[in-house]
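Welcome! Let us take a friendly walk through this structure, starting with the whole chain and then turning to its sheet and a ligand site.

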Amino acid sequence: MLGSSLALRRVFVSVAPTSRGASAAFVAMNLAVAAARAGVPAALVDGEVESPGVAASLAAAPQGSAEVSRTLAAVAADACTGCAACVDACTYGAIRLAEGKAVAFDELCRGCAACLRACTAGAIAERKERVGEIEWARLVGGLAGPAVLDVVSGRLDVGRSERPAVIEAARRRSAVFARLLTVIVSPAGVSRAAVAAQRGADVLVLVAEPTKQGVRGLERAVGLGRMIEAPIGVVVDGAGPCEGEVEKLAASRGVPVLARIPDRPAIAAMRASGGIVLDGLEHASGWVDELFAGVSVLAGRSAE
Ligand code: SF4
Ligand code: SF4
């Protein structure tokens, strides 16, 4: 059953795969749906912004959307005096002088506005550039049981690379709903996008396949988890050639194994199609209860 730590205060859980094949979205969906069915209002954020699939898996029809854009510096060359104050102010090396005029480089610009503040000639303005969008939906009753489940998805535009900006926008949107439990699907790896999805987590759940990649990724992911100071738990994802290695590494790092997703063809099929085990495979859903219990304990620890 749901532990008291998840029922009494807001908890933010980030679920990250330690290799590309691990089922973080499947784990996060099952956790959030089970929480909602246990009466805990929840939000589920899809941070796999290059190919979000959670909303489709839950048949959550979008009820709202918003564009995600980044801010860039735009120089009006005719107003520029060539004083170079902006060049000195930019710590990213994103603005330089060329033939006596300032030129901003979009690929380096972080939109911090330091140059804009430094320019007394008023030659720099902010410019918005679209990088993606977020969508949200609300499930009430039915799949979500007696509580509410908000689903927020981020989607990066094709050809763009600003994953962190889209993830942060999706997180901001989910924060508006202020649900007791927020679960985010984090991208794999230790990139800025992963940090954007894991920063501030009360609990970081690492979903690790017992494969070489899964174990190697677990080591790196634990390192990132330590850096952001999140209590970490591991879910062992099915079976593989490195049986027992995930548990061994987790034990050596003092990280608890919260649950094991059974290695059954029916679960593998459901994992691939993104289903809810409580509906299709109730007899094989014990790991979701174990995950609840483990997440609750870790959330309680992070509150101490
Ligand atoms: S601070 Fe303003 S005026 Fe000076 S170089 Fe930069 S853009 Fe031009
Ligand atoms: S907005 Fe910030 S990063 Fe971009 S050019 Fe200006 S100072 Fe540099």
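## First look

Helices here are DSSP runs of H or I with at least four residues, strands are runs of E with at least two, and both are numbered from the N terminus. On that basis, the chain has 12 helices and 11 strands. Please keep in mind that this is a predicted model.

How many residues does the chain have, and what share of them is buried? There are 304 residues, and 47% of them count as buried. The C-alpha trace spans about 70 × 40 × 40 Å along its principal axes. Taking the contacts in the chain with a separation of 6 or more, 76% are between residues 24 or more positions apart.

## The sheet of nine strands

Now to the sheet. Its 9 strands form an open sheet with mixed pairing, and you can follow them in the order β3-β6-β7-β2-β8-β1-β9-β10-β11. The edges are β3 (64–75) and β11 (257–261), each of which pairs on one side only. On average, neighbouring strands of this sheet are turned by 20° against each other, direction ignored.

In general, strands of a sheet pair through backbone hydrogen bonds, in either a parallel or an antiparallel sense. Both senses can be found here. Starting from the β3 edge, β3 pairs with β6 (residues 124–140) in the antiparallel sense over 12 bridges, and Val 75 stands opposite Ile 124 in β6. The pairing of β6 with β7 is also antiparallel, over 9 bridges; here Trp 136 has Val 152 in β7 opposite.

For the parallel sense, look at β2 (residues 42–46) and β8 (residues 181–185), which pair over 5 bridges. Asp 46 stands opposite Val 185 in β8.

## A helix across the strands

Which strands does helix α2 lie across? Helix α2 (residues 24–37) lies across β1 (11–17), β2, β7 (148–156), β8, β9 (203–208) and β10 (232–237). Relative to β8, the helix runs at about 165°.

## Around ligand 2

Let us finish at ligand 2, which has 14 residues around it. Which of them come nearest? They are Cys 90, Ala 94, Cys 109, Cys 112 and Cys 115.

The shell around ligand 2 can also be sorted by class: 12 residues are nonpolar, 1 is polar and 1 is charged. Cys and Ala both count as nonpolar in this scheme, so the nearest residues, Cys 90, Ala 94, Cys 109, Cys 112 and Cys 115, belong to the nonpolar class.

How values were computed
Residues numbered from 1 in each chain as written. Chains lettered and ligands numbered in written order. Predicted model: local features only at pLDDT ≥ 70, side-chain atom pairs only at ≥ 80, totals over all residues. Near = placed C-beta within 6 Å. Buried ≥ 20, exposed ≤ 12 C-beta atoms within 10 Å, placed from the backbone. Contact = placed C-beta atoms within 7 Å. Pairing = 2+ DSSP bridges. Axes fitted to C-alpha atoms, helices over the stretch in contact; angles between N-to-C directions.
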